[in-house]
Every structure is written in structure tokens, then in C-alpha cells.
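This report is meant for a reader who is meeting the structure for the first time. It takes up helix packing, then the nonpolar cores, then the salt bridges.

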Amino acid sequence: MAKPSILVVEDETDIQELIKYHLSKEGYLVTCVGSGEEGLKAARTQPPNLILLDLMLPGVDGLDVCKALKNDSKTQGITIIMLTAKSSESDVVTGLELGADDYMPKPFSPRELIARVRARLRDKTTQAADEHTTIKINGLLIDPGRHEVMIEGRSVKLTLTEFQILHLLSRSPGWVYSRYDIVNRIRGQEAIVTDRSIDVQIVGLRKKLGSFGRYVETVRGVGYRLREAN
Ligand code: CA
């Protein structure tokens, strides 16, 4: 399989080099540019699999780059992870609304960067199949087409939100989703889902899964994940 290509749009050369070093080591093809204009040009000339997009750029800023890419049929399929300053929460929200797939607050560790890139690329490759593909994990059978979960042949009744959370977690076993991630990924499907209500949903979900509920793990201070039995 071809190596996934990543375009880094970042004006700080230190950060550029750091990203390039670590992602190249993981086998990705990394190209770096230092401005929004160059980023747009590079993405249009040869659309990469993923863009790491700094929001604070000289000239055309990151949000405008994101908007332009998501409004163009040639580039709208590219996964975008925004690189943001801690203080720019409203930019993050705007970016996600414009179609960015994820964000990472600076400073981030190389490990976080690699994990995030890997997860988002995996999302992309499995997305089409996800909609209808039945997942088998830890003795659970999750059938998205029927919105049905079976444990050892027995059907478990879940609410729509509980089902969506379980389906999300089970698509990337071991990957930790923050409450924000979860809210963001299942929003629009049901009226209002808040951080706090995610906790309530998880409690309900665990209870209904019985002894299998233990695989839905809380990662303190971070969020939730589905542990794979081994
Ligand atoms: Ca910058």
C-alpha cells in the first residue's frame, strides 16, 4: 500500500521540523509549507491524505484555508487536523463547523501527534465500511445496519445514544475518546448531548452490557475507550 501523504501547514520552522521528523520516522510522506497560500496551492496540486493545519498563519489564516479546502470538491475529502493554541477554543469550534476533522492543542508530544494522525487516517479508511459493517469484538456483535447489539446470541436493548457511543468506541478499540470527541461525533443525531450526559450514557451502557460492561473503560481525566480482550 502507498504510504499516506501528509501536508504540514505551519509557519514555525521548529514545529515543522519536529512534525516532519517524527511522522517520517513512522513511514508517512511529509511535505511542509509555511503559509496558507502555499498550503492551498500544495493541497490543490497534489491532494494529500491528511493536512496538519496551523490556525495562526501569516496572510491567509488556517480557518480560511480550511474553509477553502472544504468548499472545493477536489480537496474536501482531505482529513484536516488543526493545530491550535490553548486559548483559541472559539477557533476550534469554528474550524470543526467548517469541516475540520480534529484539532490538537499546542504543545503536543510526538506520541500524541502520531496517535492522532494514525487514528484519523484509520477513521478515513474504515468510514465507508463503518456505516453498515458488523463489528465483532470481545464476544459482542454490533450491527449498525440494524442498530442491534448481541451478546452471545442474546439481543441487548440500547438507546440510540448508547448504541452510537458503543459503535464509536468499538471502531477504534483502545483509542481514548474525550467526552468532547464523543459529543462531537454523535451530535446532530439526537437532541442535546452534553459532556455530563455522556457520563450518564456510559453508566447506562455498562449496566446493559452486564459483565461485558467492564470493557468500556474510563481513562481518568481523559475520557473513555473500549478495551480489547486478549
Ligand atoms: Ca503559527
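What follows describes a predicted model, beginning with one pair of helices.

**A pair of packed helices**

Two packed helices are described by the angle between their axes and the distance between the axes. Helix α6, which covers residues 160-171, packs with helix α8, residues 195-209, at an angle of about 85 degrees, and their axes are 9 Å apart. Because angles of 65 to 115 degrees count as roughly perpendicular, α6 is described as roughly perpendicular to α8. On the side of α6 the contact is made by Thr 161, Glu 162, Ile 165 and Leu 166, while α8 brings Ile 198, Gln 201, Ile 202, Gly 204, Leu 205, Lys 208 and Leu 209. Sorted by character, the residues of this contact are six nonpolar, three polar and two charged.

**The nonpolar cores**

In soluble globular proteins, nonpolar side chains tend to be buried together. In this model the largest nonpolar core has 28 residues, and those with the most contacts inside it are Leu 140, Val 149, Ile 165, Leu 166, Ile 182 and Leu 209. At least two residues of this core come from each of the strands β6 (135-137), β7 (140-143), β8 (148-151) and β12 (223-226), and likewise from each of the helices α6, α7 (179-186) and α8. Of these elements, α6 gives the most to the core, with five residues.

Which residues does Ile 182 contact, leaving aside its neighbours within four places in sequence? Its partners are Ile 165, Leu 168, Tyr 177, Ile 198 and Tyr 224. Apart from the largest core lies another core, of 20 residues, including Ile 51, Leu 53, Leu 55 and Leu 69.

Ile 182 is one of the buried residues of α7, together with Asp 181, Val 183, Asn 184 and Ile 186. The buried residues of α7 pack against the helices α4 (89-98), α6 and α8, and also against β5 (102-105), β10 (177-178) and β12.

**Salt bridges**

The structure holds 14 salt bridges, and the table lists three of them with the separation of N and O atoms.

| Acidic residue | Basic residue | N to O distance |
|---|---|---|
| Asp 72 | Arg 44 | 3.7 Å |
| Asp 102 | Arg 116 | 3.2 Å |
| Asp 143 | Arg 146 | 3.6 Å |

The salt bridge of Asp 72 with Arg 44 links distant parts of the chain, 28 residues apart, with Asp 72 in the loop between α3 (62-70) and β4 (79-84) and Arg 44 in helix α2, residues 36-45. Asp 72 has a relative accessibility of 21% and so counts as partly exposed, and Arg 44 is also partly exposed, with a relative accessible area of 34%.

The side chains of Arg 116 and Asp 102 meet in a salt bridge as well, and this pair again links distant parts of the chain, 14 residues apart, since Arg 116 belongs to helix α5 (residues 110-130) and Asp 102 to strand β5. Arg 116 counts as buried at 18% relative accessibility, and Asp 102 counts as buried at 2%.

For the salt bridge between Asp 143 and Arg 146, are the two partners buried or exposed? Asp 143 is buried, with a relative accessible area of 14%, whereas Arg 146 is exposed, at 64%. Elsewhere, salt bridges that share partners join Glu 10, Glu 12, Asp 54 and Lys 106 into one network.

Notes. Residues numbered from 1 in each chain as written. Predicted model: local features only at pLDDT ≥ 70, side-chain atom pairs only at ≥ 80, totals over all residues. Heavy atoms only, no water. Axes fitted to C-alpha atoms, helices over the stretch in contact; angles between N-to-C directions. Helix = DSSP H or I, 4+ residues; strand = E, 2+ residues; numbered from the N terminus. Parallel < 35°, antiparallel > 145°, perpendicular 65-115°, else oblique. Contact = heavy atoms within 4.5 Å. Nonpolar A, V, L, I, M, F, W, Y, C, P; charged D, E, K, R; others polar. Core = buried A, V, L, I, M, F, W, Y, C linked by side-chain atoms within 4.5 Å. Buried < 20%, exposed > 50% of the residue type's maximum accessible area, 1.4 Å probe, protein only. Salt bridge = Lys/Arg side-chain N within 4 Å of Asp/Glu carboxyl O.
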